[in-house]
Amino acid sequence: MTIAILGAGAWGSAMAIHLNRCGQRVTLVPRRLEQALEIAGTRENRVYLPGVPFPRDVQIAHVPAPALAECDAVIFACPSKALRETAERVKAAISPRTRILISLCKGLEAGTLLRPEQVLRQVFPSLSCGVISGPTNAAEVAAGFPVAVVFASDAPAELAEKIQSEFSDASFRIYRSSDVVGVELGGALKNIYAIAAGICDGMRLGANARASLLTRALAEMGRIVEAEGGNVETVRGLSGMGDLVATATADWSRNRAFGLEIGRRGIDAALQKISAGKSVVEGYYATKNFHEYAKNAGVPAPILECVHGIVFRGVKPADGITALMTRDLKAE
């Protein structure tokens, strides 16, 4: 297949390397000209994926139009807050040959509270859309470590099976799903609860607290997914539980690191630290957007409410934990 990947952060770069390993014809399209020139010249993404060489036959482009010509699939690997702008910018360049658009984005659009697939559908109403999600640390994917992910789409079965086959190899296993809602929301919500887990660890509350938190987080994620029309069983799969476990416990997790900083030094220090970095902490934006969504939908989400209070309303982490632990007792 001929594939263009829009966005050269860690995940987009890793996907380009992986798909090249699968034998696909891949063009990576960084947003900034200087980034494209550096990657093309050094064959390395030194900012977002340092130490990982790009294969020589991964093409690097900056202007979308040539890169999108004759593509079978276009992958959006930009931050979720930039998805609509990116989609609108490349809309006219999408080839008639393109059969599917695939999102790697995790989050809701501010203001509209739309999922990435919904944003793409508004911009490209006639194309099939899908999402890939799961426990996917970029460096591990690029290095060929074993991983399993889920691909959800509205594509015809033949096309979905082709994507599954062409994007899989001995180290990257894809499962199919038709629950785009559950897969997208699971992949986005886990960032919020990874922040919460980081706060627990930063406060040194222990393994019991973290395990209890993540268990109740999974139940909370299920309620939000069901309210949006998704399947609660999806949350117990790779894009829910799998991604949550990885993001809430791994040292590479930006969202967990943000929570750790909050637990250790407070929200001001954490915000200062992320503002100085180049990588996006998706959970920060997701917390604000999903808090608004949960309130509008009337979905009980006490952990989400707690994280929102700490991050956006000045609630002290210890007070947030106390509020969670003194809620009315109920059956599981």
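Two strands pair if DSSP finds at least two bridges between them. Keep that cut-off in mind for this predicted model.

**Exercise 1.** Find out how strand β2 sits among its neighbours, and which residue stands opposite L28.

*Solution.*
1. Start with β1, residues 2–6. β1 and β2 pair in the parallel sense over 5 bridges.
2. Pick one partner. I3 has V26 of β2 as its bridge partner.
3. Trace the chain. The path leaves β1, passes through α1 and reaches β2, a right-handed β-α-β crossover.
4. Now take β5, residues 59–60. β5 runs parallel to β2, with 2 bridges joining them. The cut-off is at least two bridges, so these strands count as a pair.
5. L28 stands opposite I60 in β5.

**Exercise 2.** Explain why β2 is largely enclosed by the rest of the structure.

*Solution.*
1. Buried means under 20% relative accessible area.
2. Strand β2 covers residues 25–29, and 4 of its 5 residues are buried, so the strand is largely enclosed.

**Exercise 3.** Describe the largest pocket by volume and by lining.

*Solution.*
1. Its volume is about 1,100 Å³.
2. The lining has 46 residues; G9, A10, W11, A77 and R254 lie nearest the centre.
3. Sort the lining by class: 23 nonpolar, 13 polar and 10 charged residues.
4. Elements that each supply at least two lining residues include α1, β4 and α8.

**Exercise 4.** Do the same for the second largest pocket.

*Solution.*
1. The second largest pocket has a volume of about 690 Å³.
2. Its lining has 20 residues, with S212, R216, L324, M325 and R327 nearest the centre.
3. Helix α9 gives the largest share, 6 residues.
4. By class, this lining has 12 nonpolar, 1 polar and 7 charged residues.

Conventions
Residues are numbered from 1 along each chain as its sequence is written. This is a predicted model: local features need pLDDT of at least 70, side-chain atom pairs count only at pLDDT 80 or more; totals for chains, interfaces and linings use all residues. Side-chain values use heavy atoms; hydrogens and water are left out. On a 1 Å grid over the protein atoms alone, a cavity is a set of points where a 1.4 Å probe fits but cannot get out, and a pocket is an open set with protein on both sides within 12 Å along at least five of seven lines; lining residues have an atom within 4 Å of a point. Grid points are joined across faces, edges and corners, and a volume is the space filled by probe spheres set on the points. Helices (H or I, at least four residues) and strands (E, at least two) are DSSP runs, numbered from the N terminus. Ala, Val, Leu, Ile, Met, Phe, Trp, Tyr, Cys and Pro count as nonpolar, Asp, Glu, Lys and Arg as charged, and the others, Gly among them, as polar. Buried means under 20% relative accessible area, exposed over 50%, partly exposed in between (1.4 Å probe, protein chains only). A crossover is right-handed if, with the strands pointing away from the viewer, the path from the first strand over the helix to the second runs clockwise.
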